[in-house]
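Trainee: I would like a close look at one part of this model. Please take me through a metal site, step by step.

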Amino acid sequence: MTRKRTFGLITAALLTFSAGALGDTYAQADGGPSAAKGPAALSGTPAERAYRDFKDHGPRAKILTAAHRAQWRKAPENSVPAFLAAFKDGAEIVETDVRSTKDGQLVLMHDETVDRTTNGTGKVSDLTLAQIKELRLKQGLGGAQAAVTDERVPTLAEIMKLAKNRGLVNLDKGWPLREQMYQVLADTGTVRNGLFKSDAPVDQVRDFRRKHPEALYMHLVQDGNIGSIDEFGDEQPLGYEVVFDSAQDAVARKPVIDRLRSTGRVWVNSMWNGLADHYTDEASLIDPTRGWGALVDTFGATVIQTDNVGNLESWLRTGHVPQQPRADIRIQAEDFARGGEGVAYHDADKGNRESVARINEDVDICDLNGAVAVCWIRGGEWIDYAFTVSKSGTYKVGARVSSPYAPAGTYRLSFDGGEPDRAVQVLNTTGHSAFFDQPSGVSQYLEAGSHRLRIHLDESAYQNFNLDYLDLVRG
Ligand SMILES: [Ca+2]
Ligand SMILES: [Ca+2]
Ligand SMILES: [Ca+2]
């Protein structure tokens, strides 16, 4: 059973066997790993369907995808192409951040300053719209060494027009500007596309909602303001964004989640550790039951906010997270060969700095929001991997890496004790937790059987990246 986009009578018939009430978990009785997708509302634009789906919180409500700061894996965060890509990749909701310029115009910018994400500097509130429009956005999540693109900072009005037929926009950071935001939605005919959110005092929220009953509103709740659920009384919001740094938090307990689900959507965030304990995107890529599966089955999530729209959508539709790109052989960086220092690896400093795995060995292994990776990579180090080839052939090698630096590092590969191949430059990915697959350009013919691969970190090069895994793809 898929979780998303279920069509047709056969699906509808199967769903009649689904559990109507919440049992011990939120799983439905369809044999699938988790809650099934209800039949999607098929009529209207994607935005109209998202609007109806968001207001549906029944036991068969479709699980919705929210793209955090838009699809920044394909375009700068909070940029026009990142919004287009997020909706195209299947997100029903795109989360964004609204701020006011010096001359009172609403623009999309996560940080208080433009420093991280653009080629400019200064506070948004100290710059006019014209000045901000002069700036260019940086790739991905930005950062000091990220490449500058041709994209510009969008206004809220520009993005709402873009979203009008495509989906919902979650307006984060903008609560103090709510009246002005509402006016932009009214002016652009997109009141049904804007999803307001805050953790403001309940009285303040109630005033806003009574004044604008058409506005979609979701409340952010964690243990510190759990009392707001009672305070809303019979004027419950359409959903709650539930934040719990530990599964032991009161707000994450089943009676609370059951109650929230009975009145609206339960929105949970999987971008990094601490938003929903350790149930993250990266953990989901290793095993969905360590992330999204648990969020749905144990914590009642009916909206998941993610930095991995493509993989979440795939999991919701098929129950699987695809290998991207497809790999014939995947060698996890932390699964290095046995034998210790000087035999299986050379590491620059004694001890395993983060000790996430192989704690008695010197190769440094980190948990980067759920990704288990070799970290603290330094020039002169090398690591061996033993692996088995089942089909002889020529294999192309790629690596899943992360780094906020440019250059990020240089490595060479050698097979079975041979000479190291060409130097491969690791490219900036705009964050330590922003992993991307990067081809190495190295191809190697390998006979079926056992092999050994060594990654050499050039002594003379700047080395500051993290290695999740190496992929071998047969050509
Ligand atoms: Ca070490
Ligand atoms: Ca090291
Ligand atoms: Ca790994």
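Mentor: Start with the sequence pattern. Along the chain, the donors of the calcium ion (ligand 2) follow the spacing D-x16-D-x11-W-x4-E. Keep in mind that this is a predicted model.

Now put residues to those letters. D347 and D364 each coordinate the calcium ion (ligand 2) through OD. W376 gives its O atom. E381 appears twice in the list, each time through OE. These donors sit at 2.3 to 3.0 Å from the ion.

Next, see where the two aspartates lie. D347 is in the loop between β11 and β12, and D364 is in the loop between β11 and β12 as well. They are 17 residues apart in sequence, so the pair ties together parts separated by that stretch. Both D347 and D364 are buried. For D347 the relative accessibility is 7%, and buried means under 20%, so D347 qualifies.

Stay with D347, for it has a second partner. D347 bridges the calcium ion (ligand 2) and the calcium ion (ligand 1). The two ions lie 4.3 Å apart.

So what holds the calcium ion (ligand 1) on the protein side? D347 is among its donors, again through OD. D349 offers both O and OD. G351 and D362 each supply an O atom. D364 is listed twice, through OD both times. Distances here run from 2.3 to 2.8 Å.

Read the pattern along the chain once more. For the calcium ion (ligand 1), the donor residues are spaced D-x1-D-x1-G-x10-D-x1-D. Take D347 and D362 from that pattern. Both lie in the loop between β11 (345-346) and β12 (365-368), so this pair ties together parts 15 residues apart in sequence. D362 has a relative accessible area of 10% and is buried too.

Now put the pieces side by side. D364 is a donor to the calcium ion (ligand 1), and D364 also coordinates the calcium ion (ligand 2). W376 and E381 are listed for the calcium ion (ligand 2). D349, G351 and D362 are listed for the calcium ion (ligand 1).

Trace it yourself on the structure. Begin at D347, the bridge between the two ions. Go from there to D349 and G351, donors of the calcium ion (ligand 1). Continue to D362, in the loop between β11 and β12. End with W376 and E381, at the calcium ion (ligand 2).

Methods:
Residues are numbered from 1 along each chain as its sequence is written. Chains are lettered from A and ligands numbered from 1 in the order in which they are written. This is a predicted model: local features need pLDDT of at least 70, side-chain atom pairs count only at pLDDT 80 or more; totals for chains, interfaces and linings use all residues. Side-chain values use heavy atoms; hydrogens and water are left out. Donors are N, O and S atoms within 2.8 Å of the metal (3.2 Å for Na, K and Ca); water is not among the atoms, so sites may look incomplete. Helices (H or I, at least four residues) and strands (E, at least two) are DSSP runs, numbered from the N terminus. Buried means under 20% relative accessible area, exposed over 50%, partly exposed in between (1.4 Å probe, protein chains only).
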